[in-house]
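This report describes the fold of a single protein chain for a reader working with its coordinates. Please consult the sequence and the model shown below while reading.

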Amino acid sequence: MIRLSAITPSGHVQLGNYLGAVRRWAREGTPDDVYFISDLHAMTSSHNPAKLRTLTREQFAVLIATGVDPHSVCVQSDLVRELGALTWVLECTCTYGEAARMTQFKEKSAKTNSASRSSVRLSLLTYPVLMAADILLQGAGEVPVGEDQLQHVELARALARRFNGTYGEVFTVPKAVVPKAGARIKDLADPARKMAKSARDSTGTVFVLDPPDLVRRKIRRAVSSPEGIANLADVLTACTGKEAEDFTDRYAELKDVVADAVIEELRPVRERTVELLEDQPELDRIRASGASRARSRAQHTLDAALRLSGLT
């Protein structure tokens with residue numbers, strides 16, 4: 001059973017990404033799984049090309065440094081030709097109504113008034129079809145996602161069934177899997193919101209590559225509200241695997257304990273990531289190997305889809 005997951009280079013990998021997803025991929029992944037950096041998805045809004053390239057390289061290194069099987073990791077754009085071809089076939093299978101019903105498109109496009117709606121990028125409407133191509137090209141049977149992405153996997157299921165029923169059996173019909181509740185890390189400065197790699201204010205976000213002194217400083221500045229303390233306790237539990245003791249009225253001590261735990265948890269990942277980023281030939285070799293494996297696995301599916309839809 002192939003499982004497929006991705007991370008988008010919209011910012012630096014942060015503690016919530018690491019504890020909630022990347023570390024789990026390293027611990028629970030199988031040789032058949034696919035983990036990729038979805039750099040094409042990062043282009044649905046205005047972006048800086050140099051920054052996108054840098055973040056993609058950094059995220060790739062973090063996955064390898066965390067222990068995700070290098071053979072299972074690739075960068076989405078390394079398969080841009082295969083994905084481009086399959087996305088077009090799937091767009092010719094999808095209806096406008098299906099794409100326009102996607103919640104994220106409706107919410108983001110609704111933020112603009114009718115006069116400026118013409119400036120909303122077409123990719124915001126069509127990227128769920130690209131996501132379907134990501135899934136179907138690799139033959140994924142399971143796609144672990146959060147609740148906000150269930151709708152996109154349902155679209156992939158609908159397109160797979162429609163193509164198979166119209167042209168012939170090509171695609172594995174994927175199933176969305178919501179992972180059991182893991183680390184849901186909140187922003188240290190505002191525990192009412194999730195820690196996010198693209199947050200404008202990074203004072204409450206611990207990034208995987210933050211140096212230890214900066215990690216400690218951010219944690220010491222965490223809000224001491226009940227919600228903030230509960231969040232710190234969750235971080236401690238996620239890092240140590242043990243329930244946090246009661247630190248009532250000992251908030252400063254809790255913050256120091258959490259800082260120590262986070263620094264030690266991230267230390268080997270940070271050190272290995274830095275090594276990889278300083279060894280460009282090695283990082284390029286690993287990336288090329290992962291791309292070759294993903295491309296090889298995808299080729300049969302793509303060839304069959306093109307042939308049955310009348311293109312070859």
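The text that follows moves from the overall chain to its sheet, its aromatic residues and selected single residues.

The model is predicted: local features need pLDDT of at least 70, side-chain atom pairs count only at pLDDT 80 or more, and totals for chains, interfaces and linings use all residues. Residues are numbered from 1 along each chain as its sequence is written, and side-chain values use heavy atoms, with hydrogens and water left out.

## Overall chain

The secondary structure comprises eleven helices and five strands; helices (H or I, at least four residues) and strands (E, at least two) are DSSP runs, numbered from the N terminus. With a radius of gyration of 21 Å, close to the 20 Å given by the globule rule for 312 residues, the chain is as compact as a globular protein of that length. This radius is taken over C-alpha atoms, and the globule rule is 2.2 Å times the number of residues to the power 0.38. Along the principal axes, the C-alpha atoms fill a box of roughly 70 × 50 × 35 Å.

Of the 312 residues, 46% are buried, where buried means under 20% relative accessible area, exposed over 50%, and partly exposed in between (1.4 Å probe, protein chains only). The accessible surface amounts to about 15300 Å², and carbon and sulfur atoms contribute 51% of it; such areas come from the Shrake-Rupley method with a 1.4 Å probe, and for residues only the protein chains shown count as cover. Among the contacts (heavy atoms within 4.5 Å) with a separation of 6 or more, 75% join residues 24 or more positions apart.

## The sheet and its helices

An open sheet is formed by three strands in the order 1-2-3, with parallel pairing; two strands pair if DSSP finds at least two bridges between them. Strand 1 (4-7) and strand 3 (73-75) stand at the edges, each with a single partner strand, so one side of each has no neighbour in the sheet. From one strand to the next, the twist averages 25°. Axes are lines fitted to C-alpha atoms, for helices over the stretch in contact, and angles run from 0 to 180 degrees between N-to-C directions.

Strand 1 and strand 2 (residues 34-37) run parallel and are joined by four bridges. One of the bridge partners in strand 2 is Val34, which pairs with Leu4. Helix 2 (residues 49-66) packs on the sheet and touches strand 1, strand 2 and strand 3, its direction making about 175° with that of strand 3. Helix 11 (residues 280-308) lies across strand 2 and strand 3, and runs at about 90° to strand 3.

Which residues of strand 2 point one way, and which the other? Val34 and Phe36 point one way, Tyr35 and Ile37 the other, and all are buried. In a regular strand the side chains alternate between the two faces of the sheet.

## Aromatic residues

A search of the whole structure finds three aromatic pairs; rings of Phe, Tyr and Trp (its six-membered ring) pair if their centres lie within 6.5 Å, with planes under 30 degrees apart counting as stacked, over 60 as edge-to-face and the rest as tilted. The ring centres of Phe163 and Tyr167 are 4.8 Å apart and the planes stand at 50°, so this pair is tilted. Both residues lie in helix 7 (residues 150-167), four residues apart, about one turn of the helix. Phe163 is buried at 0% relative accessible area, whereas Tyr167 is partly exposed at 38%. Phe163, Tyr167 and Phe171 form one aromatic cluster.

## Selected residues

The table places three further residues in their elements and gives their relative accessible areas.

| Residue | Element | Relative accessible area |
|---|---|---|
| Thr87 | helix 3 (residues 80-91) | 10%, buried |
| Val215 | helix 8 (residues 212-220) | 2%, buried |
| Ala176 | strand 5 (residues 175-177) | 22%, partly exposed |

The contacts below leave aside neighbours within four places in sequence. Thr87 is in contact with Val129, Leu130 and Ala133. Val215 is in contact with Val206, Asp210, Val262 and Ile263; its C-alpha atom is separated by 6.7 Å from that of Ala259, 44 residues apart along the chain. Ala176 is in contact with Val143, Val145, Leu150 and Val153. The C-alpha atoms of Ala176 and His152, 24 residues apart along the chain, are separated by 9.2 Å.
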